[in-house]
Amino acid sequence: MLRVIAIDGPAASGKSSTGSLVARELGWAHLDSGALYRAVTLAALDRFEDMPNTIVPTSQILALLDELRVRLVLVGDEFRPEIAGVDVEHAIRDDRVTRHVSTIAALPEVRAWVNAQQRHNAGDQARGVVVDGRDIGTVVFPDAPLKIYLTAMPDERAKRRLSQRGRTVDDAEVRRESAALAARDEADSSRPVAPLKPAPDAVVLDSTTRTLAQQVAQVVQLARRVFPD
Ligand code: CDP
Ligand code: CDP
(Lines give C-alpha, C1' and ligand atoms only; values in the text may rest on other atoms or scores of the structure.)
(Ligands and ions follow the chains in the order given, each with its own letter.)
Protein backbone atom coordinates (compact mmCIF):
# COMPACT_ATOMS: atom_id res chain seq x y z
CA MET A 1 0.00 0.00 0.00
CA LEU A 2 1.26 3.47 -0.90
CA ARG A 3 2.43 5.09 2.36
CA VAL A 4 1.33 8.64 1.59
CA ILE A 5 -1.05 10.94 3.43
CA ALA A 6 -2.20 13.82 1.19
CA ILE A 7 -3.21 17.11 2.82
CA ASP A 8 -4.68 19.76 0.52
CA GLY A 9 -6.50 23.01 1.12
CA PRO A 10 -6.44 26.79 0.68
CA ALA A 11 -3.67 29.13 1.86
CA ALA A 12 -2.97 29.24 5.60
CA SER A 13 -5.50 26.53 6.43
CA GLY A 14 -2.85 24.74 8.51
CA LYS A 15 -1.60 22.14 6.02
CA SER A 16 2.13 22.40 6.71
CA SER A 17 1.88 22.70 10.49
CA THR A 18 -0.51 19.76 10.61
CA GLY A 19 1.54 17.74 8.12
CA SER A 20 4.73 18.29 10.05
CA LEU A 21 3.27 17.31 13.44
CA VAL A 22 1.37 14.30 12.04
CA ALA A 23 4.59 13.08 10.40
CA ARG A 24 6.50 13.47 13.67
CA GLU A 25 3.85 11.53 15.57
CA LEU A 26 3.87 8.68 13.03
CA GLY A 27 7.66 8.70 12.55
CA TRP A 28 7.17 9.59 8.87
CA ALA A 29 8.73 12.32 6.70
CA HIS A 30 6.94 15.57 5.78
CA LEU A 31 7.03 17.20 2.34
CA ASP A 32 5.55 20.68 1.77
CA SER A 33 5.06 20.87 -2.01
CA GLY A 34 4.32 24.61 -1.78
CA ALA A 35 7.92 25.11 -0.64
CA LEU A 36 9.12 23.74 -3.99
CA TYR A 37 6.79 26.05 -5.96
CA ARG A 38 8.09 28.92 -3.82
CA ALA A 39 11.75 27.92 -4.41
CA VAL A 40 11.12 27.80 -8.18
CA THR A 41 9.53 31.27 -7.97
CA LEU A 42 12.39 32.69 -5.89
CA ALA A 43 15.01 31.35 -8.31
CA ALA A 44 13.11 32.80 -11.31
CA LEU A 45 12.53 36.22 -9.70
CA ASP A 46 16.21 36.52 -8.78
CA ARG A 47 17.45 35.55 -12.24
CA PHE A 48 14.84 37.28 -14.42
CA GLU A 49 14.51 40.54 -12.54
CA ASP A 50 11.98 42.02 -14.95
CA MET A 51 9.86 38.86 -14.88
CA PRO A 52 6.68 40.26 -13.42
CA ASN A 53 6.51 42.68 -16.40
CA THR A 54 7.96 40.57 -19.21
CA ILE A 55 7.06 37.00 -20.07
CA VAL A 56 9.97 34.57 -19.61
CA PRO A 57 9.80 31.39 -21.76
CA THR A 58 9.08 28.38 -19.54
CA SER A 59 12.03 26.55 -21.11
CA GLN A 60 14.36 29.17 -19.59
CA ILE A 61 12.80 28.67 -16.15
CA LEU A 62 13.23 24.88 -16.41
CA ALA A 63 16.87 25.28 -17.52
CA LEU A 64 17.46 27.54 -14.51
CA LEU A 65 16.05 24.89 -12.12
CA ASP A 66 18.59 22.40 -13.40
CA GLU A 67 21.43 24.92 -13.40
CA LEU A 68 20.76 25.95 -9.77
CA ARG A 69 19.82 22.44 -8.62
CA VAL A 70 16.54 23.63 -7.13
CA ARG A 71 15.36 20.72 -5.00
CA LEU A 72 14.09 19.37 -1.70
CA VAL A 73 16.56 17.79 0.71
CA LEU A 74 15.56 15.60 3.64
CA VAL A 75 16.88 17.00 6.95
CA GLY A 76 15.67 14.88 9.86
CA ASP A 77 11.96 14.33 9.13
CA GLU A 78 11.51 17.43 6.96
CA PHE A 79 12.13 18.00 3.27
CA ARG A 80 13.70 21.47 3.00
CA PRO A 81 14.01 23.62 -0.13
CA GLU A 82 17.48 24.33 -1.50
CA ILE A 83 18.82 26.54 -4.31
CA ALA A 84 22.44 26.05 -5.40
CA GLY A 85 23.13 24.09 -2.23
CA VAL A 86 21.76 26.84 0.05
CA ASP A 87 18.76 26.27 2.36
CA VAL A 88 16.01 28.77 1.36
CA GLU A 89 13.24 27.78 3.83
CA HIS A 90 13.20 31.34 5.19
CA ALA A 91 13.71 33.28 1.93
CA ILE A 92 10.81 31.56 0.13
CA ARG A 93 8.29 33.05 2.62
CA ASP A 94 9.07 36.58 1.38
CA ASP A 95 6.06 38.68 0.24
CA ARG A 96 7.57 39.07 -3.24
CA VAL A 97 7.56 35.29 -3.69
CA THR A 98 4.04 35.00 -2.25
CA ARG A 99 2.74 37.59 -4.76
CA HIS A 100 4.11 35.75 -7.80
CA VAL A 101 4.02 32.07 -6.85
CA SER A 102 0.51 31.34 -8.21
CA THR A 103 1.47 32.63 -11.68
CA ILE A 104 4.52 30.36 -11.80
CA ALA A 105 2.54 27.43 -10.35
CA ALA A 106 -0.03 27.75 -13.15
CA LEU A 107 2.58 26.80 -15.81
CA PRO A 108 1.95 23.15 -16.80
CA GLU A 109 5.65 22.42 -17.45
CA VAL A 110 6.62 23.76 -14.03
CA ARG A 111 3.94 21.58 -12.42
CA ALA A 112 5.21 18.50 -14.28
CA TRP A 113 8.75 19.27 -13.03
CA VAL A 114 7.60 19.76 -9.42
CA ASN A 115 5.46 16.61 -9.53
CA ALA A 116 8.41 14.52 -10.75
CA GLN A 117 10.55 15.85 -7.89
CA GLN A 118 7.88 15.09 -5.30
CA ARG A 119 7.29 11.55 -6.55
CA HIS A 120 11.01 10.93 -6.60
CA ASN A 121 11.48 12.30 -3.03
CA ALA A 122 8.48 10.40 -1.65
CA GLY A 123 9.44 7.19 -3.46
CA ASP A 124 12.68 7.05 -1.48
CA GLN A 125 10.78 6.94 1.84
CA ALA A 126 9.89 3.41 2.91
CA ARG A 127 8.46 4.59 6.25
CA GLY A 128 5.85 6.93 4.69
CA VAL A 129 5.42 10.59 3.78
CA VAL A 130 2.87 13.25 4.65
CA VAL A 131 2.66 15.50 1.57
CA ASP A 132 0.80 18.81 1.62
CA GLY A 133 -0.23 21.18 -1.16
CA ARG A 134 -3.14 21.91 -3.48
CA ASP A 135 -3.28 18.91 -5.84
CA ILE A 136 -1.71 16.08 -3.84
CA GLY A 137 -4.89 13.99 -3.50
CA THR A 138 -6.22 14.89 -6.95
CA VAL A 139 -3.12 14.74 -9.19
CA VAL A 140 0.23 13.93 -7.55
CA PHE A 141 -0.83 10.95 -5.39
CA PRO A 142 -4.42 10.09 -6.42
CA ASP A 143 -3.87 6.62 -4.88
CA ALA A 144 -2.95 7.97 -1.42
CA PRO A 145 -4.96 5.82 1.03
CA LEU A 146 -5.69 8.85 3.26
CA LYS A 147 -6.58 12.26 1.83
CA ILE A 148 -7.41 15.27 3.98
CA TYR A 149 -8.86 18.56 2.72
CA LEU A 150 -8.23 21.19 5.39
CA THR A 151 -10.24 24.41 5.45
CA ALA A 152 -10.94 27.33 7.78
CA MET A 153 -12.90 30.58 7.44
CA PRO A 154 -10.95 33.26 5.52
CA ASP A 155 -10.64 35.76 8.40
CA GLU A 156 -9.41 33.04 10.75
CA ARG A 157 -6.79 31.99 8.19
CA ALA A 158 -5.72 35.61 7.75
CA LYS A 159 -5.32 36.03 11.54
CA ARG A 160 -3.27 32.83 11.76
CA ARG A 161 -1.00 33.89 8.89
CA LEU A 162 -0.43 37.34 10.45
CA SER A 163 0.40 35.84 13.87
CA GLN A 164 2.67 33.26 12.24
CA ARG A 165 4.61 36.07 10.53
CA GLY A 166 4.77 38.09 13.78
CA ARG A 167 2.64 40.86 12.28
CA THR A 168 -0.03 43.04 13.95
CA VAL A 169 -3.46 41.46 14.03
CA ASP A 170 -5.78 44.50 13.80
CA ASP A 171 -8.95 44.75 11.71
CA ALA A 172 -7.34 46.58 8.79
CA GLU A 173 -4.45 44.09 8.59
CA VAL A 174 -6.84 41.12 8.78
CA ARG A 175 -8.93 42.59 5.92
CA ARG A 176 -5.82 43.13 3.78
CA GLU A 177 -4.38 39.66 4.46
CA SER A 178 -7.76 38.00 3.96
CA ALA A 179 -8.06 39.71 0.53
CA ALA A 180 -4.53 38.60 -0.44
CA LEU A 181 -5.28 34.99 0.58
CA ALA A 182 -8.61 35.09 -1.30
CA ALA A 183 -6.88 36.33 -4.48
CA ARG A 184 -4.32 33.50 -4.30
CA ASP A 185 -7.03 30.90 -3.57
CA GLU A 186 -9.01 32.18 -6.56
CA ALA A 187 -5.95 31.95 -8.83
CA ASP A 188 -5.16 28.44 -7.53
CA SER A 189 -8.79 27.26 -7.87
CA SER A 190 -9.48 28.64 -11.34
CA ARG A 191 -6.35 27.56 -13.24
CA PRO A 192 -6.92 24.95 -15.95
CA VAL A 193 -4.20 22.55 -14.72
CA ALA A 194 -4.52 20.87 -11.30
CA PRO A 195 -6.86 23.44 -9.70
CA LEU A 196 -7.30 23.48 -5.93
CA LYS A 197 -10.29 21.28 -5.05
CA PRO A 198 -10.98 18.36 -2.71
CA ALA A 199 -10.46 14.86 -4.11
CA PRO A 200 -13.80 13.00 -4.25
CA ASP A 201 -12.62 10.66 -1.45
CA ALA A 202 -10.98 13.32 0.76
CA VAL A 203 -11.98 13.77 4.41
CA VAL A 204 -12.89 17.46 4.73
CA LEU A 205 -11.83 19.00 8.06
CA ASP A 206 -12.86 22.55 8.96
CA SER A 207 -10.35 23.82 11.53
CA THR A 208 -11.94 27.24 12.15
CA THR A 209 -12.84 26.44 15.75
CA ARG A 210 -10.20 23.76 16.37
CA THR A 211 -6.73 24.07 17.84
CA LEU A 212 -3.74 22.80 15.93
CA ALA A 213 -3.34 19.99 18.51
CA GLN A 214 -6.96 18.91 17.96
CA GLN A 215 -6.65 18.74 14.19
CA VAL A 216 -3.34 16.86 14.44
CA ALA A 217 -4.92 14.32 16.82
CA GLN A 218 -7.81 13.85 14.40
CA VAL A 219 -5.53 13.18 11.41
CA VAL A 220 -3.29 10.84 13.45
CA GLN A 221 -6.36 8.88 14.54
CA LEU A 222 -7.48 8.51 10.90
CA ALA A 223 -3.93 7.54 9.89
CA ARG A 224 -3.69 4.78 12.53
CA ARG A 225 -6.93 3.32 11.19
CA VAL A 226 -5.84 3.46 7.53
CA PHE A 227 -2.20 2.39 8.17
CA PRO A 228 -2.59 -0.11 11.03
CA ASP A 229 1.09 -1.19 11.34
O1 CDP B 1 1.66 28.16 2.83
P2 CDP B 1 0.75 28.86 1.86
O3 CDP B 1 -0.62 28.35 2.00
O4 CDP B 1 0.86 30.33 1.85
O5 CDP B 1 1.15 28.43 0.37
P6 CDP B 1 2.12 27.28 -0.07
O7 CDP B 1 1.58 25.95 0.35
O8 CDP B 1 3.48 27.65 0.31
O9 CDP B 1 1.95 27.34 -1.65
C10 CDP B 1 2.33 28.48 -2.40
C11 CDP B 1 1.66 28.42 -3.77
O12 CDP B 1 2.21 27.32 -4.50
C13 CDP B 1 0.17 28.22 -3.79
O14 CDP B 1 -0.55 29.44 -3.66
C15 CDP B 1 -0.03 27.60 -5.16
O16 CDP B 1 -0.06 28.58 -6.20
C17 CDP B 1 1.22 26.77 -5.36
N18 CDP B 1 1.03 25.35 -5.05
C19 CDP B 1 0.43 24.58 -6.02
O20 CDP B 1 0.00 25.09 -7.05
N21 CDP B 1 0.30 23.23 -5.84
C22 CDP B 1 0.76 22.65 -4.72
N23 CDP B 1 0.65 21.33 -4.59
C24 CDP B 1 1.34 23.43 -3.70
C25 CDP B 1 1.46 24.79 -3.88
O1 CDP C 1 0.45 25.32 5.18
P2 CDP C 1 -0.68 26.29 5.30
O3 CDP C 1 -0.44 27.55 4.54
O4 CDP C 1 -2.01 25.69 4.97
O5 CDP C 1 -0.82 26.70 6.83
P6 CDP C 1 0.28 26.70 7.99
O7 CDP C 1 1.40 27.57 7.57
O8 CDP C 1 0.58 25.31 8.41
O9 CDP C 1 -0.57 27.32 9.19
C10 CDP C 1 -0.77 28.70 9.37
C11 CDP C 1 -0.75 29.00 10.86
O12 CDP C 1 -1.98 28.59 11.46
C13 CDP C 1 0.36 28.30 11.65
O14 CDP C 1 1.00 29.25 12.48
C15 CDP C 1 -0.40 27.27 12.49
O16 CDP C 1 0.24 27.00 13.73
C17 CDP C 1 -1.72 28.00 12.72
N18 CDP C 1 -2.90 27.20 13.15
C19 CDP C 1 -3.27 26.05 12.51
O20 CDP C 1 -2.59 25.62 11.55
N21 CDP C 1 -4.39 25.35 12.91
C22 CDP C 1 -5.13 25.77 13.93
N23 CDP C 1 -6.21 25.09 14.28
C24 CDP C 1 -4.76 26.95 14.59
C25 CDP C 1 -3.64 27.64 14.17
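**Exercise 1. Determine which pocket ligand 2 occupies and which residues and elements surround ligand 2.**

Solution. Step 1: ligand 2 takes the space of the largest pocket. A pocket is an open set of points on a 1 Å grid over the protein atoms alone, where a 1.4 Å probe fits, with protein on both sides within 12 Å along at least five of seven lines. A molecule sits in a pocket if more than half of its atoms lie within 2 Å of its grid points. The model is predicted: local features need pLDDT of at least 70 and side-chain atom pairs pLDDT 80 or more, whereas totals for chains, interfaces and linings use all residues. Residues are numbered from 1 along each chain as its sequence is written, chains are lettered from A and ligands numbered from 1 in the order in which they are written, and side-chain values use heavy atoms, with hydrogens and water left out.

Step 2: the shell of ligand 2 holds 15 residues, and the closest are Lys15, Ser16, Ser17, Arg161 and Arg210. A residue belongs to such a shell if one of its heavy atoms lies within 4 Å of the molecule. At least two residues each come from H1, helix H7 (154–164) and H9. Helices (H or I, at least four residues) and strands (E, at least two) are DSSP runs numbered from the N terminus.

Step 3: oxygen atoms of ligand 2 lie 2.7 Å from a polar side-chain atom of Lys15 and 3.0 Å from one of Gln164. A nitrogen atom of ligand 2 is 3.3 Å from a backbone N or O atom of Leu212. Alone, ligand 2 exposes 540 Å², of which the protein buries 83%. Areas follow the Shrake-Rupley method with a 1.4 Å probe.

**Exercise 2. Describe the surroundings of ligand 1.**

Solution. Step 1: ligand 1 sits in the largest pocket. The elements giving two or more residues to its shell are helix H2 (33–47), helix H4 (95–105) and helix H8 (171–190). H2 supplies the largest share, 4 residues.

Step 2: the shell of ligand 1 counts 20 residues, the closest being Arg38, Arg111, Arg161, Arg184 and Asp188.

Step 3: an oxygen atom of ligand 1 is 3.2 Å from a side-chain N or O atom of Ser102. For Arg111 the corresponding distance is 2.8 Å, and for a polar side-chain atom of Arg161 the distance to an oxygen atom of ligand 1 is 2.7 Å. The protein buries 98% of the 530 Å² that ligand 1 exposes when taken alone.

**Exercise 3. Classify the aromatic pair and locate its two rings.**

Solution. Step 1: the structure holds 1 aromatic pair. The ring centres of Trp28 and Phe227 are 4.9 Å apart and the planes stand at 75 degrees, so the pair is edge-to-face. Rings of Phe, Tyr and Trp (its six-membered ring) pair if their centres lie within 6.5 Å; planes under 30 degrees apart are stacked, over 60 edge-to-face and the rest tilted.

Step 2: Trp28 lies in the loop between helix H1 (15–26) and strand E2 (29–32), and Phe227 in the segment after helix H9 (212–226), so the pair ties together parts 199 residues apart in sequence.

Step 3: Trp28 is buried at 4% relative accessibility, and Phe227 is buried at 5%. Buried means under 20% relative accessible area, exposed over 50% and partly exposed in between (1.4 Å probe, protein chains only).

**Exercise 4. Is Thr103 buried or exposed?**

Solution. Step 1: Thr103 is found in helix H4. Step 2: its relative accessible area is 57%, so Thr103 is exposed.

Note on methods
Polar contact = N/O pair within 3.5 Å; in protein donor to acceptor, adjacent residues only side chain to side chain. 1 Å grid on protein atoms, 1.4 Å probe; cavity = no way out; pocket = protein on both sides within 12 Å on 5 of 7 lines; lining within 4 Å.
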